[in-house]
Amino acid sequence: VAILLLQGFFAFSTITSVEKAARDGARAAMQGRSVEVAVAESVPDWITVEAISADNGGAACPGRCVAVEARVPLGVPGWTSADVTVRREAAMPRGDR
């Protein structure tokens with residue numbers, strides 16, 4: 001039971017951290033700062049970021065959009081699988097209007 005609770009904690013923490021990192025990345029893009037640095041500073045050291053993508057005003061995103069994908073730890077921080085990831089996206093309005 002304890003292992004299931006621990007896994008649930010890691011999954012929840014990863015989801016909320018990746019969501020915050022996507023928002024911070026989109027905010028950084030809106031302010032002209034580095035998206036990658038903002039995302040890296042947002043996630044705890046035990047989360048492995050797989051991918052960061054930014055869209056600055058394309059057809060699918062009217063503002064500054066950032067998507068972050070990270071691996072979910074499997075029971076212990078540092079033990080991950082490329083097959084178990086979470087992806088979150090965030091958008092901020094364009095600042096040049």
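Trainee: Let's start with one helix. In helix α2 (residues 35-42), which residues are buried?

Mentor: Good place to begin, and keep in mind that this is a predicted model. A residue is called buried when its relative accessible area is under 20%. In α2, that description fits Val-35, Ala-38, Val-39 and Ser-42.

Trainee: Why do those residues sit on the same side of α2?

Mentor: Look along the axis of the helix. The buried residues span an arc of only 95 degrees around that axis, which means they share one side of α2. Turn to the other side of α2 and you meet Ala-40 and Glu-41, which are exposed.

Trainee: And what caps the N-terminal end of α2?

Mentor: Ser-34 does that job. One of its side-chain oxygens is 3.5 Å from the backbone nitrogen of Glu-36.

Trainee: How do I describe two helices that pack together?

Mentor: You give the angle between their axes and the distance between those axes. Here, α1 and α2 pack at about 150 degrees, and their axes are 8 Å apart. Angles over 145 degrees count as roughly antiparallel, so α1 and α2 are roughly antiparallel to each other.

Trainee: Which residues make that contact?

Mentor: From α1, the contact uses Lys-20, Ala-21, Asp-24, Gly-25, Ala-28 and Ala-29. From α2, it uses Val-35, Ala-38, Val-39 and Ser-42. Compare that with what we said at the start: Val-35, Ala-38, Val-39 and Ser-42 are the residues we listed as buried in α2. The crossing has a handedness too: α1 passes α2 in a right-handed crossing.

Trainee: Let me follow a single residue through this. Is Ser-42 buried or exposed?

Mentor: Ser-42 belongs to helix α2. Its relative accessibility is 16%, so Ser-42 counts as buried. Once neighbours within four places in sequence are set aside, Ser-42 is in contact with Lys-20, Ala-21 and Asp-24.

Trainee: Now helix α1. Where would I find Thr-14, and what does Thr-14 contact?

Mentor: Thr-14 is in helix α1. With a relative accessibility of 0%, Thr-14 counts as buried. Leaving out neighbours within four places in sequence, its contacts are Trp-46, Ile-47, Arg-71, Val-72, Pro-73 and Val-86.

Trainee: Is Leu-5 buried or exposed?

Mentor: Leu-5 lies in helix α1, which covers residues 2-30. At 62% relative accessibility, Leu-5 counts as exposed. You can also place Leu-5 with a distance: its C-alpha atom is 22 Å from that of Arg-87, a residue 82 positions apart from it along the chain.

Trainee: Let's move to the strands. Which strand holds Cys-65, and what does Cys-65 contact?

Mentor: Cys-65 is in strand β2, residues 64-71. At 18% relative accessibility, Cys-65 counts as buried. Its contacts, leaving aside neighbours within four places in sequence, are Ser-53, Ala-54, Asp-55, Ala-90 and Ala-91. For a distance, take Arg-27: the two residues are 38 apart along the chain, and their C-alpha atoms are separated by 8.8 Å.

Trainee: Ala-90 is in that list. What does Ala-90 touch in turn?

Mentor: Ala-90 lies in strand β3, residues 85-92. With a relative accessible area of 10%, Ala-90 is buried. Not counting residues up to four places away in sequence, Ala-90 touches Ala-22, Arg-23, Ala-26, Arg-64, Cys-65 and Val-66. From Ala-90 to Pro-62 you count 28 residues in sequence, and 12 Å from C-alpha to C-alpha.

Trainee: Can we step back to the whole chain? How many helices and strands does the protein chain have?

Mentor: Two helices and three strands. Read from the N terminus, their order is α-α-β-β-β. Along the principal axes, the C-alpha atoms fill a box of roughly 55 × 25 × 20 Å. The chain has 97 residues, and 34% of them count as buried.

Trainee: And how do I read contacts over the whole chain?

Mentor: Look at how far apart the partners are in sequence. Among contacts with a separation of 6 or more, 50% are between residues 24 or more positions apart.

Definitions and conventions
Residues are numbered from 1 along each chain as its sequence is written. This is a predicted model: local features need pLDDT of at least 70, side-chain atom pairs count only at pLDDT 80 or more; totals for chains, interfaces and linings use all residues. Side-chain values use heavy atoms; hydrogens and water are left out. Buried means under 20% relative accessible area, exposed over 50%, partly exposed in between (1.4 Å probe, protein chains only). Helices (H or I, at least four residues) and strands (E, at least two) are DSSP runs, numbered from the N terminus. The arc is that of the directions from the helix axis to the C-beta atoms. A polar contact is a pair of N or O atoms within 3.5 Å; within protein, one must be able to donate a hydrogen and the other to accept it, and residues adjacent in sequence count only if both atoms are side-chain atoms. Contact means heavy atoms within 4.5 Å. Axes are lines fitted to C-alpha atoms, for helices over the stretch in contact, and angles run from 0 to 180 degrees between N-to-C directions. Angles under 35 degrees count as roughly parallel, over 145 as roughly antiparallel, 65 to 115 as roughly perpendicular and the rest as oblique. A crossing is left-handed if the near helix is turned anticlockwise from the far one by less than a right angle, and right-handed if clockwise.
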